[in-house]
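Here is a colleague's note for someone opening this entry without prior acquaintance. The points below take up a helix, two groups of strands and a contact between chains, in that order.

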There are 4 protein chains.
Amino acid sequence: MSLNPSTAGLRPVPGARSALAERFARVRARTLALAAPLSAEDQCVQSMPDASPTKWHLAHTSWFFEAVVLGPHVPGYEAFEPRWHHLFNSYYEALGPRHPRPQRGLLTRPLLPSVHRYRAHVEAAVEQFMATADDATWDAVHPLLELGLQHEEQHQELILTDILHVLSCNPLLPAYEPLEQPALRLAASTPPVAWVQGPAGPVRIGHTGEGFGFDNETPRHTVWLQPYRIADRLVTCGEYADFVEDGGYRTASLWLSDGWALVQSQQWQAPLYWIAPDNPRAPASQWQVFGLDGVKPIDPHAPVTHLSFYEAAAFAEWAGARLPTEAEWEAASELPGMRQLADQAWQWTRSSYDPYPGYRPWTGAVAEYNGKFMVGQVVLRGGSVATPPGHARRSYRNFFPPAARWQFSGLRLAKDGAC
Amino acid sequence: MSLNPSTAGLRPVPGARSALAERFARVRARTLALAAPLSAEDQCVQSMPDASPTKWHLAHTSWFFEAVVLGPHVPGYEAFEPRWHHLFNSYYEALGPRHPRPQRGLLTRPLLPSVHRYRAHVEAAVEQFMATADDATWDAVHPLLELGLQHEEQHQELILTDILHVLSCNPLLPAYEPLEQPALRLAASTPPVAWVQGPAGPVRIGHTGEGFGFDNETPRHTVWLQPYRIADRLVTCGEYADFVEDGGYRTASLWLSDGWALVQSQQWQAPLYWIAPDNPRAPASQWQVFGLDGVKPIDPHAPVTHLSFYEAAAFAEWAGARLPTEAEWEAASELPGMRQLADQAWQWTRSSYDPYPGYRPWTGAVAEYNGKFMVGQVVLRGGSVATPPGHARRSYRNFFPPAARWQFSGLRLAKDGAC
Amino acid sequence: MSLNPSTAGLRPVPGARSALAERFARVRARTLALAAPLSAEDQCVQSMPDASPTKWHLAHTSWFFEAVVLGPHVPGYEAFEPRWHHLFNSYYEALGPRHPRPQRGLLTRPLLPSVHRYRAHVEAAVEQFMATADDATWDAVHPLLELGLQHEEQHQELILTDILHVLSCNPLLPAYEPLEQPALRLAASTPPVAWVQGPAGPVRIGHTGEGFGFDNETPRHTVWLQPYRIADRLVTCGEYADFVEDGGYRTASLWLSDGWALVQSQQWQAPLYWIAPDNPRAPASQWQVFGLDGVKPIDPHAPVTHLSFYEAAAFAEWAGARLPTEAEWEAASELPGMRQLADQAWQWTRSSYDPYPGYRPWTGAVAEYNGKFMVGQVVLRGGSVATPPGHARRSYRNFFPPAARWQFSGLRLAKDGAC
Amino acid sequence: MSLNPSTAGLRPVPGARSALAERFARVRARTLALAAPLSAEDQCVQSMPDASPTKWHLAHTSWFFEAVVLGPHVPGYEAFEPRWHHLFNSYYEALGPRHPRPQRGLLTRPLLPSVHRYRAHVEAAVEQFMATADDATWDAVHPLLELGLQHEEQHQELILTDILHVLSCNPLLPAYEPLEQPALRLAASTPPVAWVQGPAGPVRIGHTGEGFGFDNETPRHTVWLQPYRIADRLVTCGEYADFVEDGGYRTASLWLSDGWALVQSQQWQAPLYWIAPDNPRAPASQWQVFGLDGVKPIDPHAPVTHLSFYEAAAFAEWAGARLPTEAEWEAASELPGMRQLADQAWQWTRSSYDPYPGYRPWTGAVAEYNGKFMVGQVVLRGGSVATPPGHARRSYRNFFPPAARWQFSGLRLAKDGAC
């Protein structure tokens with residue numbers, strides 16, 4: 001059976017309708033649960049243009065189902081409020097004009113209960129569609145439903161990273177106190193790095209075709225790797241503290257030029273949420289870190305997070321190593337002994353976010369999902385404490401501008417040559 | 001009886017304690033009533049650096065009593081939460097460091113109910129002070145209590161002007177719908193302007209010493225006026241629409257240089273909240289205006305508001321007239337026939353905000369109340385629909401930068417010479 | 001005889017044609033002499049939007065005669081190069097579009113010799129006009145010629161202030177070394193201030209009608225002064241150094257709010273061209289100052305210059321005094337004992353630049369000469385070492401934004417009350 | 001023979017001393033010849049932070065020999081003027097503090113003749129070194145001399161691109177009129193594109209080790225290519241004009257997201273130096289282009305230049321093709337039939353500027369030459385009309401930010417798959 005063009009080139013996802021319906025209910029409920037610890041005020045404000053309010057995430061993930069699934073594919077569907085399309089479109093030029101991104105925090109209206117009703121309205125319509133669509137329609141449309149859920153999972157992570165930034169701007173440094181606490185798992189000690197030998201010569205990378213994948217992971221293709229070694233674990237806060245102590249932020253030769261300019265103009269001295277000893281915001285005699293659970297002493301055994309690419313690259317230089325390329329990361333990810341792959345921190349790679357050879361974006365509105373951002377950004381691999389369980393995979397390509405620090409972004413070292 | 005130096009040079013306010021206590025209760029309750037139509041979200045966000053969130057106004061007006069009255073003058077007073085002083089100090093260098101003004105909208109915490117408790121805590125302490133202070137203390141401190149109420153009334157007006165700006169940024173253009181509706185009073189027709197002849201030669205202006213006055217209204221002093229005439233009423237929306245229609249915003253020769261630069265860079269085409277015909281935000285065939293009660297057709301008989309000084313001056317030039325100086329305004333304000341003095345719109349004058357001859361600011365922390373802003377601003381006289389009844393007076397000097405448009409600011413014309 | 005309207009309301013200037021012709025030759029030659037010490041490169045660049053290149057001044061002062069005198073009033077006059085009108089119009093909206101002010105430094109062409117030819121072309125045409133115009137035309141036009149010379153004298157001062165800023169941006173700190181050295185006159189010691197009692201009650205200020213005056217000095221009118229005293233001399237560098245030493249730049253309570261914000265954001269620590277001890281740009285053990293004659297030790301007896309209004313006002317506050325108003329300055333300027341009135345430094349007053357009562361700008365293009373700048377600026381009185389001898393007068397109103405520091409601007413103190 | 005570590009990892013360049021001496025004289029003379037058509041003013045100003053003044057290029061290329069060769073390796077060398085090191089260091093953190101890049105245009109001093117003397121001083125010292133160095137020193141140092149010449153050739157290209165930008169800012173649009181005219185070669189007609197089949201599977205790219213190469217071209221290594229075709233020639237102005245006519249600059253779906261934002265904010269409508277019909281700057285009925293030889297009609301057969309990466313990528317999308325990767329470009333560059341490789345325009349590739357696998361920068365000060373810029377930029381391959389003959393090579397990696405338009409940058413198309 002050939003795919004309906006309306007599904008834009010997405011692959012059908014094997015499995016029964018009932019499984020997708022269950023997953024739909026689970027994902028949507030998890031989004032609300034993530035917002036539950038937050039007041040209406042917390043959910044409304046925007047602390048910087050890159051980060052969006054929680055309420056906006058709640059509404060935007062519903063708009064996506066309306067704009068991509070319900071509107072085009074469910075005859076007779078009535079939008080909850082047509083004027084909201086303008087408010088909750090993120091960046092889809094093909095789907096009409098948009099409220100400016102830096103002004104999302106000014107949308108005190110619709111109020112939160114109205115957004116909750118919007119979510120319920122969309123959910124009811126999707127559930128009815130899942131229950132009643134004929135088989136041909138189902139075959140054609142269900143990949144877009146799955147895309148909607150993958151999209152919502154991405155915004156679940158952003159809900160956490162964005163609210164953490166909001167709370168960090170408050171001198172009172174309030175904790176998020178999540179329903180399901182995405183805490184960094186504590187270790188009693190840091191084992192020494194074990195260097196894992198990666199494969200050399202031609203290797204295959206990219207999405208295998210099994211299960212869901214984004215267009216930017218395709219096509220699967222051959223790359224040629226030189227011999228390299230990769231660390232079995234992430235860099236820890238203790239190791240990063242040594243870099244700080246050693247004057248890492250004062251040593252120009254360790255930094256890329258743009259990074260050094262930011263170190264100076266922004267007066268970076270440590271990862272984004274680290275709090276120096278004797279800082280009046282949270283006085284203490286040692287380094288502390290602000291996180292979803294508030295202010296705590298730095299755990300030297302925990303993976304360091306909230307680094308920009310520039311900081312990750314400077315640390316690697318200081319450590320006499322380098323960042324892995326994304327192909328090296330992916331090729332090594334299935335080797336035995338590799339740890340902390342996708343559950344702790346996104347890992348900056350030394351790969352700019354370029355298209356794979358032969359890449360074609362999906363078609364229609366979702367053509368804008370990934371392809372149009374393929375310049376000026378850097379790839380991160382893995383997954384973080386804030387990533388929904390099961391969301392990421394070995395071929396997953398996350399990407400952010402090199403100066404971005406508000407994600408749970410850390411690093412894993414690599415080196416040239418054989419062990 | 002000599003004033004306690006702690007009262008900073010303020011004049012004692014005649015009247016019984018009970019009268020001030022009643023006034024205190026009334027003013028504080030009115031502030032809350034103004035916020036009542038707004039959701040927690042509405043009260044939290046900040047739409048531009050010049051405007052503050054409602055919640056911040058609620059807290060700041062309580063901080064003022066804490067910082068100026070309770071802390072220095074009531075032994076044993078315990079601050080509700082000492083860490084909040086940093087959050088709710090507006091601009092008093094003498095009272096310690098402050099949260100940056102452009103980030104007031106990021107203060108999702110404290111939550112609104114906590115701010116309400118803060119208000120109650122402060123009110124209880126002030127009420128107890130009013131009931132129990134000995135006479136000497138009362139004499140010394142009650143002028144600061146009165147200042148706190150005058151200060152709170154100023155913020156009542158800002159609550160309205162600031163929330164109007166927030167709501168105007170929302171594409172849904174929601175109405176404020178106030179408890180006590182401060183609507184512009186409608187007139188069935190616009191009477192022609194009557195020109196009132198002002199006094200010439202030496203006249204006395206400034207605060208008379210009766211009742212409360214700000215330091216910037218003093219000392220009362222002589223100025224010498226040349227013969228002038230002043231309009232008995234404000235310029236109307238209908239008259240201003242004629243200016244717009246006549247190409248006022250496209251005619252450089254009508255404008256001050258800085259104003260013309262703003263017309264071009266900001267693409268000003270009408271007063272701040274006017275909505276042109278066929279604007280997709282609120283489609284209509286005629287000009288409309290957004291106000292506290294939502295979107296309505298322009299009332300040609302209502303005073304025009306939400307003008308910058310530049311627009312007021314350009315209109316006056318177009319009309320073959322000029323703006324009155326603040327001394328002319330004050331001298332004319334008690335003449336018979338003068339209308340719409342203080343209940344419709346603040347009136348831009350042709351006077352920069354300079355100190356009066358012999359001006360000395362109050363002492364102590366409240367020295368910063370007015371004096372340090374005396375450069376780069378323009379005086380407005382009168383009062384607006386948003387000004388608390390009884391707050392303003394003939395000698396009252398309001399002031400804003402010449403580009404400010406979010407106040408209820410309009411104009412009254414003047415001319416040189418005799419009628 | 002009634003004035004031709006084309007002369008825009010300017011007063012006729014008594015005196016023979018030959019006197020004006022001689023003055024024309026003298027002023028034009030002086031402009032060139034001021035540029036003579038400078039290379040073509042020096043004369044081309046622009047160090048900030050507020051300051052213009054020397055070459056631009058040379059051309060603009062010729063354009064002014066073309067646009068205001070020769071083009072409108074001399075039949076058959078052929079412009080030297082019509083395309084240059086766009087380049088050398090400064091801000092006259094009525095005279096067509098203009099090259100953007102911040103890009104004047106990009107005009108490497110026309111080359112300097114071409115601009116010299118432009119000057120000669122204009123001069124020949126003006127001289128021919130002066131020699132051949134019939135009496136009626138002369139009566140009508142010669143006030144505009146005088147305006148052109150007054151205008152050129154203003155630009156002579158700007159040539160010096162602007163090139164000083166250019167040279168100060170060069171780490172080599174080269175000296176201007178002028179042909180006629182406008183050096184501050186050195187004094188062996190600083191006499192104590194003598195306080196001169198100013199007149200109180202009604203006084204007349206404004207241009208008397210004798211000789212040339214700008215429109216902004218008119219009409220002469222009555223103001224009412226309160227008793228005041230004014231210093232007989234300017235504040236010296238030595239006195240200002242005491243203010244610096246005493247922490248003046250670290251004491252918020254001395255400053256106007258906008259000034260304090262600039263102190264912090266711009267890290268002001270002394271007057272614009274002062275060089276702190278041990279500054280690597282010009283190492284020395286004491287404070288130095290960069291001037292037209294290069295780097296020299298501060299002369300404690302010389303008037304302090306290159307202050308913003310904010311610094312002048314903060315110094316006055318620190319000194320227990322205040323700045324005089326412009327009316328006070330003018331009224332005192334003819335009292336016996338007043339020194340350093342117009343030959344050392346412009347003196348910031350405590351008067352915003354507002355129109356005089358009854359002020360009407362000239363008409364036509366020159367209406368833009370002064371009137372459209374009457375907001376957001378502060379009046380300076382007197383004259384400086386860079387002012388052409390004979391240019392200023394008692395009623396002269398100079399004006400700059402309160403943050404401007406690149407002029408030869410200092411201060412004279414005043415106090416309330418009687419001696 | 002092992003290389004002296006002071007030569008930083010550069011390869012020795014085979015050939016006699018005399019050959020290098022001749023080349024030195026030739027390169028240095030060519031730099032001066034490029035500046036010869038320009039006045040001192042032309043050579044002094046800076047039109048944007050990215051572009052430097054000609055005079056600065058003249059001095060900086062001499063500073064480079066002083067800082068990298070003469071100072072460290074020639075005992076007893078006396079710097080021409082030690083204070084100039086601060087002025088003419090470009091970005092070498094290891095070589096001390098620097099004059100800020102955006103202020104290079106304020107350096108009216110040293111005057112041009114002094115910079116000419118500086119060049120002569122350095123040249124004499126280098127020539128003496130070349131004539132007298134013992135063999136061991138020669139072996140160690142001559143690679144740095146060669147680097148100095150390669151560096152100077154890069155600045156020769158920048159002299160042309162930067163002065164073109166200066167001249168383009170002048171409303172008079174003056175021509176550069178070069179001594180040796182680097183004009184685009186005109187063709188009588190545009191032949192249709194021939195698609196050349198590139199190699200697939202493993203290919204070797206990077207510097208071969210023969211002759212000079214920059215560190216960023218190394219190490220030579222294997223990459224794996226998918227089947228692709230590449231155009232034998234560049235895109236022409238005529239083809240690009242079709243894109244413009246077809247609404248290319250108004251069609252969001254063709255653009256990368258950052259590019260579309262620039263199209264809107266900068267109002268891009270055509271390549272940087274194209275002049276639309278009826279533009280008042282150079283009125284004509286057809287499209288024109290400003291170049292080193294002034295304003296001319298667009299030549300439809302000439303390669304289009306002065307494109308940003310965003311425009312190149314949008315054109316390729318519109319044309320149903322894509323940009324080649326840098327590996328594809330290099331692999332195809334030696335195939336028969338490939339034209340316009342290195343003599344017309346730099347060609348944007350679809351490769352971000354990342355390090356090659358195993359890349360190590362040179363050591364010492366020249367470590368900063370290339371490595372620290374390896375993020376946020378895009379690779380261009382080939383060479384342009386402004387590139388010194390013989391400077392570029394197949395493995396040469398030029399790089400600029402994706403928004404850069406002031407270079408002679410165009411594009412060559414590619415497609416997936418076999419012919």
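1. A residue is called buried here when its relative accessible area is under 20%. The model is a predicted one, and the burial described below is computed from it. By that cut-off, 28 of the 34 residues of helix H6 of chain C are buried, so the helix is largely enclosed by the rest of the structure.

2. The length of H6(C), which covers residues 135-168, can be checked against expectation: at 1.5 Å a residue its 34 residues should span 50 Å, and because the end C-alpha atoms are 49 Å apart, the two values agree. The helix nevertheless bends by about 40° at C:Val141, with a proline, C:Pro143, following within four residues. At the N-terminal end of H6(C), C:Asp134 acts as a cap, one of its side-chain oxygens lying 3.2 Å from the backbone nitrogen of C:Ala136.

3. Which residues of strand S8 of chain C point one way, and which the other? C:Trp346, C:Trp348, C:Arg350 and C:Ser352 point one way, whereas C:Gln347, C:Thr349 and C:Ser351 point the other way, and all are buried. In a regular strand the side chains alternate between the two faces of the sheet. Since 7 of the 7 residues of S8(C), residues 346-352, are buried, the strand is largely enclosed by the rest of the structure.

4. S8(C) is joined by 4 bridges to strand S9 of chain C (residues 378-382), and these two run antiparallel; within S9(C), C:Val378 stands opposite C:Ser352. S8(C) is also joined by 2 bridges to strand S11 of chain C (residues 409-410), but here the strands run parallel, and C:Ser409 in S11(C) is the bridge partner of C:Trp346.

5. In chain A, 3 strands form an open sheet in the order S5-S6-S7, with antiparallel pairing. Strand S5 (274-275) and strand S7 (294-297) stand at the edges, each with a single partner strand, so one side of each is left without a neighbour in the sheet. Strand S6 of chain A, residues 288-291, is joined to S7(A) by 4 bridges, and A:Val289 stands opposite A:Lys296 in S7(A).

6. Turning to the contact between chains, chain D and chain C contribute 32 residues each. The area buried between chain D and chain C is about 2,500 Å², and carbon and sulfur atoms give 62% of that area. On the side of chain D, the residues D:Glu41, D:Arg109 and D:Leu172 supply 30% of the area that this chain buries against chain C, more than any other three residues.

Definitions and conventions
Residues are numbered from 1 along each chain as its sequence is written. Chains are lettered from A and ligands numbered from 1 in the order in which they are written. This is a predicted model: local features need pLDDT of at least 70, side-chain atom pairs count only at pLDDT 80 or more; totals for chains, interfaces and linings use all residues. Side-chain values use heavy atoms; hydrogens and water are left out. The expected span of a helix is 1.5 Å times one less than its number of residues. The bend at a residue is the angle between axes fitted to the seven residues ending there and the seven starting there. Buried means under 20% relative accessible area, exposed over 50%, partly exposed in between (1.4 Å probe, protein chains only). A polar contact is a pair of N or O atoms within 3.5 Å; within protein, one must be able to donate a hydrogen and the other to accept it, and residues adjacent in sequence count only if both atoms are side-chain atoms. Two strands pair if DSSP finds at least two bridges between them. Contact means heavy atoms within 4.5 Å. Buried area is the accessible area (1.4 Å probe) that two parts lose on being put together, summed over both.
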